[in-house]
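Biologist: Hello! Could you show me the model, and may I ask how each label was earned?

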Amino acid sequence: MVLAAGATSLPPIVWLLGALVVAAMVLGVLSPWLRRRSPNLWWLLWGFPVTVVRFRWTWRRLADVQGLSVPGRPPAVLLGAVVVQGRALKPVKPRAGVPRWRRGGLSVKVRLHSGQTPEEYAAACGAMAHAWRVFAVRAVSDTRGTVWLVANAWDPLSRPAEPFRGSVGLLSAVVGVWEDGGRWLVNLRRVPHWLVVGATQSGKSTLLASLVAQWSRQPVALVGIDLKGGMELGLFAPRLTALATSRRDAVDLLDVLVEVTMGRMALCRATGVRSVWELPDKQQPVPIVVLVDEVAELYLTATSADKAEVSQVSTALLRLGQLGAALGVHLIVAGQRFGSDLGPGATSLRAQLAGRACFRVADKGTAEMTLGDLDAGAVDAVQSIPVSMPGVAVALGAPDGGWMRARSFLVTPEEAEEVAVRFAHLRPSVGQLYAGSAGAGGLS
Ligand SMILES: Nc1ncnc2c1ncn2[C@@H]1O[C@H](COP(=O)(O)OP(=O)(O)OP(=O)(O)O)[C@@H](O)[C@H]1O
Ligand SMILES: [Mg+2]
């Protein structure tokens with residue numbers, strides 16, 4: 001009786017706190033199970049609050065150890081007529097805002113001390129990920145003087161996302177998801193030619209299948225060159241305007257495409273415009289996308305006859321690369337390597353292919369060759385793609401304009417084949433590719 005009277009006399013705040021402590025303990029015990037069952041719910045209820053506490057707890061120490069804090073007092077003071085040098089007693093940590101919740105992560109805005117650059121924060125991201133026990137932290141800067149630290153609780157690319165079923169503009173395709181959850185969009189009107197590199201079984205052909213699956217629905221001519229005997233691109237044959245499976249065929253096909261391109265150039269000149277997109281609707285020719293799988297096969301030489309063919313292929317591809325962007329002719333070139341060892345033609349063509357996607361590669365040199373003079377972080381990111389995650393790539397064209405990790409959709413050959421058959425009626429003939437041909441305007 002006495003006990004009951006004592007219990008009921010406890011103030012409500014104590015009850016509330018007690019209930020919160022019990023709820024936190026239950027959540028803490030169930031946390032590993034909840035994380036496996038429903039990672040997003042786990043992050044909302046447990047992961048995010050705990051990470052915010054870790055962030056607050058470690059921020060000062062991290063900033064000090066990583067050299068992001070600055071001395072609180074000038075290291076030298078004037079004492080009478082003497083300058084006394086000394087170590088600042090208390091470094092000032094950078095000012096961090098309130099961490100914001102994101103699906104599967106958090107972001108926090110940090111104000112840079114004067115003289116600091118975002119790169120200094122990028123260099124400390126590994127230590128931050130370690131201290132906050134998250135998968136990765138990225139430093140992103142969109143305004144001067146501030147940097148956003150974006151943390152991902154787990155690798156968002158660990159599972160392939162559901163293929164995109166909607167529609168985007170002409171010559172655009174959503175081929176996967178970026179690491180930050182955004183759509184990985186390939187837009188040929190913005191970046192006209194692409195180089196896709198990766199070791200065997202890394203996901204190159206699947207990316208091509210994803211592109212074909214979307215462009216098959218659009219009024220676009222798809223042309224394939226697949227020197228693996230047509231094993232990969234042959235699946236989409238019903239929707240392809242032409243498919244070359246040997247180098248001899250490729251030479252003939254590329255000659256036609258160069259002729260088509262020159263015709264378009266003449267039309268633009270005669271009309272006084274600088275690109276086919278400026279032509280009147282009726283005159284606009286069908287955009288052409290040339291897909292090349294296993295590009296190295298086109299450049300390999302054994303005999304002198306091979307040499308002549310390689311030189312023809314190389315010249316034709318280079319012309320398409322140089323002239324095509326304004327004339328609605330686009331190249332998507334995929335291969336395991338595409339470097340100077342294949343000859344000067346390969347290097348010159350590579351320079352024309354501004355869009356880059358680099359899947360897992362066998363060596364650092366290939367990643368550097370593919371991603372060019374991007375920062376070392378991009379090359380490191382490629383090298384850390386595990387064999388167990390095909391379809392993960394480092395690509396250019398992220399929402400902030402730079403590079404980011406992304407994962408392509410898993411479009412199976414059967415799915416792409418089915419789409420190719422379904423939209424076979426949209427396939428333009430070779431004749432319709434020529435400027436001024438009947439039907440070209442109607443298709444675009
Ligand atoms: N985005 C993805 N998600 C999950 N699995 C994928 C993804 N992309 C590819 N894969 C798997 O990886 C395997 C190899 O993919 P793909 O054939 O595209 O590789 P590749 O680079 O073209 O290889 P190769 O050089 O041998 O032709 C496929 O069987 C597929 O199951
Ligand atoms: Mg392949």
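Biologist: Why is Arg 248 called partly exposed?

Modeller: In this predicted model, Arg 248 has a relative accessible area of 39%. Buried means under 20% relative accessible area, exposed over 50%, and partly exposed in between, with a 1.4 Å probe and protein chains only. The value of 39% falls in between, so Arg 248 is partly exposed.

Biologist: What makes Glu 309 and Arg 248 a salt bridge?

Modeller: A salt bridge is a side-chain nitrogen of Lys or Arg within 4 Å of a carboxyl oxygen of Asp or Glu. For Glu 309 and Arg 248 the N to O distance is 3.6 Å, so the pair meets that definition. The pair links distant parts of the chain, with Glu 309 in helix α9 and Arg 248 in helix α7, 61 residues apart. Helices (H or I, at least four residues) are DSSP runs, numbered from the N terminus.

Biologist: Which residues are joined into one network by salt bridges that share partners?

Modeller: They are Arg 247, Arg 248, Asp 252, Asp 306 and Glu 309. The whole structure has 12 salt bridges.

Biologist: Why does Glu 309 count as buried or exposed?

Modeller: Its relative accessibility is 17%, and buried means under 20%, so Glu 309 counts as buried. Arg 247, at 10%, counts as buried too.

Biologist: How do you know that Arg 247 and Asp 306 meet in a salt bridge?

Modeller: Their N to O distance is 3.1 Å, which is within 4 Å, so the definition is met. Arg 247 lies in helix α7 (residues 247-271) and Asp 306 in helix α9 (residues 304-327), so the pair ties together parts 59 residues apart in sequence. Arg 247 also meets Glu 309 in a salt bridge, at 3.3 Å, N to O.

Biologist: What gathers in a patch of positive charge on the surface?

Modeller: Arg 56, Arg 60, Lys 90 and Lys 93 do. Patches are made of residues with over 30% relative accessible area and no salt bridge, with like charges joined within 9 Å. Arg 56, in helix α3 (residues 39-65), has 44%, so it passes the area cut-off.

Biologist: And what should I keep in mind?

Modeller: Local features need pLDDT of at least 70, and side-chain atom pairs count only at pLDDT 80 or more. Residues are numbered from 1 along each chain as its sequence is written, and side-chain values use heavy atoms, leaving out hydrogens and water.

Key. Chains lettered and ligands numbered in written order. Patch = residues over 30% accessible without salt bridge, like charges linked within 9 Å, V, L, I, M, F, W, Y side chains within 5 Å. Areas by Shrake-Rupley, 256 points an atom, 1.4 Å probe, with all protein chains shown as cover. Lys, Arg positive; Asp, Glu negative; His and termini not counted. Charge placed at Lys NZ, Arg CZ, Asp CG, Glu CD. Helix = DSSP H or I, 4+ residues; strand = E, 2+ residues; numbered from the N terminus.
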